[in-house]
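I open this notebook to record what I looked up in the structure shown below. The entries are kept short and are ordered by topic.

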There are 2 protein chains.
Amino acid sequence: MENFVFYSPTCFVFGKGTEATAGQYVKKFGGTKVLIHYGGGSVVRSGLLDRVKKSLNDCSIPFVELGGVKPNPRSGLVYEGIDLCKKENVDFILAVGGGSVIDSSKAIAAGVVYDGDFWDFYQGKRIEEALPVGTILTIAAAGSEGSPDSVITKEEGMFKRGASGDAIRPRFSILNPELTQTLPAFQSAAGITDIMAHLYERYLTNSEEVEVTDRLIEGLLLTMIHEAPRVIENPNNYEARANIMWAGTMAHNNSCGVGRSQDWNSHSIEHELSALYDCAHGAGLAVTMPAVFTYEMNHNVMRFAKAAVRVWGCQMDFEHPEVTAKAGIEALRNFLISIGMPKNFEELGAKEEDIPKLVDVLCNGDGRKGSISGFTTLNEEDCTKIYQMMV
Amino acid sequence: MENFVFYSPTCFVFGKGTEATAGQYVKKFGGTKVLIHYGGGSVVRSGLLDRVKKSLNDCSIPFVELGGVKPNPRSGLVYEGIDLCKKENVDFILAVGGGSVIDSSKAIAAGVVYDGDFWDFYQGKRIEEALPVGTILTIAAAGSEGSPDSVITKEEGMFKRGASGDAIRPRFSILNPELTQTLPAFQSAAGITDIMAHLYERYLTNSEEVEVTDRLIEGLLLTMIHEAPRVIENPNNYEARANIMWAGTMAHNNSCGVGRSQDWNSHSIEHELSALYDCAHGAGLAVTMPAVFTYEMNHNVMRFAKAAVRVWGCQMDFEHPEVTAKAGIEALRNFLISIGMPKNFEELGAKEEDIPKLVDVLCNGDGRKGSISGFTTLNEEDCTKIYQMMV
């Protein structure tokens, strides 16, 4: 096991009706003037935004609002948020929404206290300081509610890039599974896929003998396999929603990622898809993961066989472990299809003729030098083959 | 899933040589004058204490020392520590040792800033305020390095009782598996048993459908089953030590205990044994758990069958699930014996004739009213039968 520091100081407030405590948690973590940041439609229509405002009012905490965050959140709104916070002397950002809203909030939080262009953080500069952020989560997916990460797309060039730093870990995150019960099945499934991808990206390691991390990941994947069909069948199944929501947080606050290398090639390869086609990140991952894993399989057949046996219940083929490894990847693919995810470029809305462009931005865009690197190193030729496998 | 708040803000610094960072972490978390609290022999002999002092000196942080913590730590030394801290204006407690040292440090930390008798907290008063505590862990066992709990034995009456509060969660915990490599096999095994008990106490719930918590617990138990024999066979197996150490922390910071009721009857029943005979807590649990589980089994046969199948690899007997449930408890018992734990009162050094006294203190001592309550409620008759099963 490699040396590590694990620090997850987010206060998770979980359960029915917990959004009513938003005001008291903002106060507890020092906020005196809040920016409520959100997307649009559903948060307003469902009355959630009004309940959050009431909670702030009840605690006599003034606020301003900025809605309009879109999936795959854009830098333009981040700049707008930074300006608004400076003008209004905001000292706390309250994200009401999913991963996109939270990531946009984190970018604003870092940008407000930084003299330069916030995009510097998305080009590799570590975030050391930020306004405190709190979240009220409306979809189990990105794990941003418990992570030190944020992903933003820059309109010029459509670069989708990530930034990181303990300073943007939310101070508190309010997780009410009831809020996810109104999600359309497709969005629920895309969130589930994203959570499973966060687990697979951590499972595909080049470090040896971190059994505890393997076992935690396997446990969370088994939870998803058990709960996902229940949610797709009955969107109002609170217990299934609750299990998925907490698994999603645990999948990405790095509880199950410590002490070893991780992959993240699937995320990088997918990010170009959602940046170009604006598809749901989870849907993109459903198409990307089986292709990437099949391509990477021979790098460590036993690792894929382990997942196949322990997570997917495949029988171990001791003479031909690659058969078992492949069966595990197929089981993942079939599972994702079964919950309604797309299986190829066509269903995703992607185009084969764009592959050269996708590969170029992926491998050379924004400072990269011809390849990406995780579980394996993938150059332009590798990435071209992987995208072609998705067609 | 029941509503819950999960807040684990401890900074875990894990890996080889990490004790050298003690000074910088004390500084990071605001300490300017430290009490180093420890046990005795091994911490001094191994040179660890000197390395910790050097780290504080390198950071120009003054300190005083209080050694002498014994297993099943006593209230007498806590009072001494409180007086010393007040006299020396200490503002940070640094625990160097195992669960006993950490628990004693937490008691001192709470007592220093409290006007009354610190024992009030061990009679049910919640700890709301305390000096900050940091730890350098030397045995994987109690999980106190990541928990809001402390257990102290009061000399008058030999009451062994627990206190709790987020204020005594360590600000940081330094976990270096190398420090555990010099432990005798018996102590390693007792620690392993304690960790497994923390997992079983959380597994035995009366709440339904918290699959995510079940799966995380099962994963950590499977890790222990894989790693424990490797450590007993080769005490210098760093990877196995590392897996056990991190599993021990995760087993007790409540990552795998949220959203549902827990048991803790085994701990209560054992506490009377270690209070009276001063045996190792883990050794006492090895004798206690199989008896308690066998006694509690019919309360929920399927729960024990689940553990038997998923954790111990037992075949499910669909006609007679109680056979499977029992097989799982036997597998646990045999596993604990195989790593060198005692199996009955005699091997533990306990005496059958003391059972009435044990039961009386357990069920009536220190404010209790004739029973203890967890997965099941156990009155004096139940507890008598359970102790008799251990003979």
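The entries that follow go from the domains of one chain to the contact between chains and then to single residues.

**Entry 1. Model and domains.** I noted before anything else that this is a predicted model. I then looked up the domain assignment of chain A, which gives domain 1 as residues 11-179 and domain 2 as residues 184-390. Taken over C-alpha atoms, the centres of domain 1 and domain 2 of chain A are separated by 26 Å.

**Entry 2. Where the domains of chain A touch.** I looked up the contact between these domains and found 22 residues of domain 1 of chain A in contact with 27 residues of domain 2 of chain A. On the domain 1 side, the elements that give two or more residues are β1 and β7 of chain A. The most comes from β7(A), with three residues. By class, I recorded eleven nonpolar, seven polar and four charged residues on this side of domain 1 of chain A.

**Entry 3. The hairpin of β6(A) and β7(A).** Having met β7(A) at the domain contact, I looked up its pairing. Strand β6 of chain A (residues 149-154) and strand β7 of chain A (residues 159-164) run antiparallel and are joined by six bridges. I found A:Asp149 with A:Ser164 in β7(A) as its bridge partner. The two strands, β6(A) and β7(A), form a hairpin with four residues between them. In the turn, A:Gly157 has a positive phi of about 90°. Is β6(A) enclosed or open? I recorded that five of the six residues of β6(A) are buried, so this strand is largely enclosed by the rest of the structure.

**Entry 4. The contact between the chains.** I asked how many residues each chain gives to the contact. Chain A gives 37 residues and chain B gives 36 residues. On the side of chain B that touches chain A, the elements that give two or more residues are β1 (4-14), α7 (211-233) and α8 (238-250) of chain B. The largest share of this side, eleven residues, comes from α7(B). I also noted its classes: the side of chain B that touches chain A has 19 nonpolar, nine polar and eight charged residues.

**Entry 5. Strand pairing across the chains.** I next looked up β1 of chain A (residues 4-14), which is joined to β1(B) by nine bridges, the two running antiparallel. Opposite A:Phe14 in this pairing stands B:Phe4 in β1(B).

**Entry 6. The nonpolar core.** I found 255 residues in the largest nonpolar core. The residues with the most contacts inside this core are A:Leu94, A:Val96 and A:Leu220, together with B:Leu94, B:Val96 and B:Leu220. I followed A:Val96 further; leaving aside its neighbours within four places in sequence, its contacts include A:Ile36, A:Tyr38, A:Leu48, A:Val101 and A:Ile136.

**Entry 7. Two residues with positive phi.** Which loop holds A:Glu209? I placed A:Glu209 in the loop between α6 (185-203) and α7 (211-233) of chain A. Although A:Glu209 is not a glycine, its phi is positive, at about 60°. With 18 other C-beta atoms within 10 Å, A:Glu209 is partly exposed. I then turned to A:Asp278, in the loop between α9 (265-277) and α10 (281-296) of chain A. A:Asp278 is also a residue other than glycine with a positive phi, near 55°. I recorded A:Asp278 as partly exposed, with 13 other C-beta atoms within 10 Å.

Note on methods: Residues are numbered from 1 along each chain as its sequence is written. Chains are lettered from A and ligands numbered from 1 in the order in which they are written. This is a predicted model: local features need pLDDT of at least 70, side-chain atom pairs count only at pLDDT 80 or more; totals for chains, interfaces and linings use all residues. Two residues are in contact if their C-beta atoms, placed from the backbone, lie within 7 Å. Ala, Val, Leu, Ile, Met, Phe, Trp, Tyr, Cys and Pro count as nonpolar, Asp, Glu, Lys and Arg as charged, and the others, Gly among them, as polar. Two strands pair if DSSP finds at least two bridges between them. A nonpolar core is a set of buried Ala, Val, Leu, Ile, Met, Phe, Trp, Tyr and Cys residues joined through C-beta atoms within 7 Å. A residue is buried if 20 or more other C-beta atoms lie within 10 Å of its own, exposed if 12 or fewer, and partly exposed in between; C-beta atoms are placed from the backbone. Domain bounds come from an automatic or database domain assignment.
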